[in-house]
Amino acid sequence: DAERAETVIARDDEIDVCYHETQSELRARMRSGETGASASHLLFAAHYLERIGDHCANACERVRFLATGRAAHE
């Protein structure tokens, strides 16, 4: 479904923003010594979730191409 694929592609930017906000917050907490290992683990989890979002967007770009013949840069 090309329409749903477009929705997922567009929402990838939201995931990126959430990741960068989370990353900044967790790094600040780690620097302050407030939380150590747990913040580090959360940072890794956030990174992996962001990468999952990227993979989903890539798959949806392929679906869009198959459905419409439009590439990502068009």
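A residue counts as buried under 20% relative accessible area, as exposed over 50%, and as partly exposed in between (1.4 Å probe, protein chains only). The model is predicted, so local features need pLDDT of at least 70 and side-chain atom pairs count only at pLDDT 80 or more, while totals for chains, interfaces and linings use all residues. Residues are numbered from 1 along each chain as its sequence is written, and side-chain values use heavy atoms, leaving out hydrogens and water.

The protein contains 2 helices and 0 strands. Helices (H or I, at least four residues) and strands (E, at least two) are DSSP runs, numbered from the N terminus. The radius of gyration, taken over C-alpha atoms, is 16 Å. The globule rule (2.2 Å times the number of residues to the power 0.38) gives 11 Å for 74 residues. The protein is therefore more spread out than a compact globule. Its C-alpha atoms fill a box of roughly 50 × 15 × 15 Å along the principal axes.

Of the 74 residues, 23% count as buried. The exposed surface of the protein is about 5400 Å² (Shrake-Rupley method, 1.4 Å probe). Carbon and sulfur atoms supply 57% of that surface. Contact means heavy atoms within 4.5 Å. Among contacts between residues at least 6 apart in sequence, 63% join residues at least 24 apart.

The protein carries 9 positive and 14 negative charges. Lys and Arg count as positive and Asp and Glu as negative, with His and the chain ends not counted. Each charge is placed at NZ of Lys, CZ of Arg, CG of Asp or CD of Glu. The mean positions of the two sets are 3 Å apart.

There are 5 salt bridges, each a side-chain nitrogen of Lys or Arg within 4 Å of a carboxyl oxygen of Asp or Glu. One of them joins Glu14 to Arg11, with the closest N and O atoms 3.3 Å apart. Both residues lie in helix α1 (residues 2-32), 3 residues apart, and so about one helical turn separates them. Glu14 is partly exposed at 43%, and Arg11 is partly exposed at 48%.

Helix α1 also holds Arg29 and Glu25, 4 residues apart, about one turn of the helix. Their side chains meet in a salt bridge at 2.9 Å, N to O. Arg29 is partly exposed, with 33% relative accessibility. Glu25 is partly exposed at 40%.

In helix α2 (residues 37-68), Arg51 and Asp54 are 3 residues apart, about one helical turn. Arg51 forms a salt bridge with Asp54, the closest N and O atoms being 2.9 Å apart. Arg51 is partly exposed at 34%, whereas Asp54 is buried at 15%.
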